[in-house]
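Colleague: Got a minute to walk me through this model? I'd like to know where the labels come from.

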Amino acid sequence: MLKRNLIANYLAQGWIAVMGLAFIPLYIKYLGIEAYGLIGLFAALTAWLSLFDIGMTSMLGREMARFTGGNNSPQSIRDLLRSVEIIAIVIALLIAGGIAVGSNWIATSWLTADNLPVEVVAQALGIMGMVTALRFVENVYRSSIVGLQRQVVLSFINGAMATLRGLGAVAILAWLSPTIHAFFLWQGLLSILTLVILGATTYQALPQSQRNGRFSLDAMRGVWRFAGGIIGITFLALLLTQVDKILLSKLLSLSEYGFYTLATVVASALYQLIGPITTAFYPQFCKFYERREEALLIDAYHKGAQMVTVIAGSAAIVLMLYAKTFLSLWTQDAALADKVWPLLALLMLGTLLNGLMWVPYQTQLAHGWTSLSVKINLIAVTFIVPALLLIVPRYGAIGAAWVWAVLNSGYVFIGVHFMYRRILTREKWRWYIQDIFKPLAAAILVASSVYLFWPGSADNWLEQAVQLTLASLLTIASATWAAGLLRQEVLRHIRHVWLMMRQ
């Protein structure tokens, strides 16, 4: 099941990443960089408003995973799902109403638009609030389906919806109405369709019970402590990952904010490579912990960590070295690439360091341990907020990118030590050396060698594409070879295929 879920997650997330990145140059072409800045604000707003989730979806996913491991009855899990649904819908209505009421103030007092009229920005914000509310409720069902380990189905749904969102938006902008209003209305229509499909899929995956699920305070009380810890983690994590975007939306013009958003979107695509791994492994971590199968948990932990380092690390290193080349090929706009590539390189470094912590974090959640992340993130907040307030007014977007990189280096080199004092106490140096250092060192060596010995031509796009492809293939191959557990898996599969061919 792990392999099947992992393959499905990667196919879907890979396709979603392609859909998400492929159409951005067209969005900028039809809407302009200011309107694209509003799309970036929408992404930041969606992330911030997930705080109102109050830990429910993480808790629900964990309880669904425990249900598959033998805990919870069909009736109790249905009651828990219905309770979370009702709370989420109420919160979503408040979100949509709150944004609609505050849209004029945000358009006039917070954002600085040079070309877009204030009334256009305010109307876009109102539609944005509706779409954000719908996506808020979507997460209830996504978390449930992941916990129930129906990730193949979820991957298909996510991939199909991402395709409709991207292709449909471009078609509408090109042939019907090249406006930010049309863009967000299409996103809202797709969110309604997605919500219906995800809800039906969740209930179909659950076994029948004596009655339909109903709101139950008892069901919520039983898991509220875990959800309470998630609230703190979510708030602090959002503050750490989104406060730069919120501050920059105020301190920069919408066009400058659009450049930062473009770099952020590309750097955040790295999470599309990490997410399928942690999504597939997290239910396994929960199951092994519940069954007290520590050896299996440790083996899964290191496999997951090595996969993150090899796949995400290889991609990040290549994109850091070839940031300008990639942006030029992708956008076909050399001037735009010149403005964005320094931001992309720094944001990619910080995002990689952040991603290396995902497997340790998922392992903590599988143990029901949330307080460590709360404490570490609280300390980090005391660093990032003053740093941004001091650096952003002076150095602008590039200063915010440096703060992001420094912050996440603290997680990897300082924060993680506290986890290994309590759980997986003998695995710290194996994580650092076998799971992180060796694969990254091999990737850096190979990617740097290709970059130094083959400068490439700035005017020949075909040579640039070949160079980027070759560097990527050689880098991931060297990182895989340096990761012991993955090397064993690859060799085992090669032997299996060889034997199959000889028969």
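**How the labels are earned**

Modeller: Sure, let's start with Gln149, which is buried, with a relative accessible area of 8%. The model is predicted, so to speak of local features takes pLDDT of at least 70, side-chain atom pairs count only at pLDDT 80 or more, and totals for chains, interfaces and linings use all residues. Residues are numbered from 1 along each chain as its sequence is written, and side-chain values use heavy atoms, with hydrogens and water left out.

Colleague: Why is Gln149 called buried?

Modeller: Buried means under 20% relative accessible area (exposed is over 50%, partly exposed in between, with a 1.4 Å probe and protein chains only). Gln149 has 8%, so it counts as buried. Gln149 sits in the loop between α6 (118-147) and α7 (151-175); helices here are DSSP runs of H or I, at least four residues, numbered from the N terminus.

Colleague: What makes Thr351 count as buried?

Modeller: Its relative accessibility is 4%, so Thr351 passes the under 20% cut-off. Thr351 lies in helix α15 (residues 334-355).

Colleague: Which side chain does Thr351 join in a polar contact?

Modeller: That of Trp404, at 3.4 Å. A polar contact needs a pair of N or O atoms within 3.5 Å; within protein, one must be able to donate a hydrogen and the other to accept it, and residues adjacent in sequence count only if both atoms are side-chain atoms. The 3.4 Å pair is therefore inside the limit.

Colleague: How do you know that the span of α12 agrees with what's expected?

Modeller: The expected span is 1.5 Å times one less than the number of residues. For the 21 residues of α12 (residues 270-290) that gives 30 Å, and the end C-alpha atoms are 31 Å apart, so the two agree.

Terms used: Helix = DSSP H or I, 4+ residues; strand = E, 2+ residues; numbered from the N terminus.
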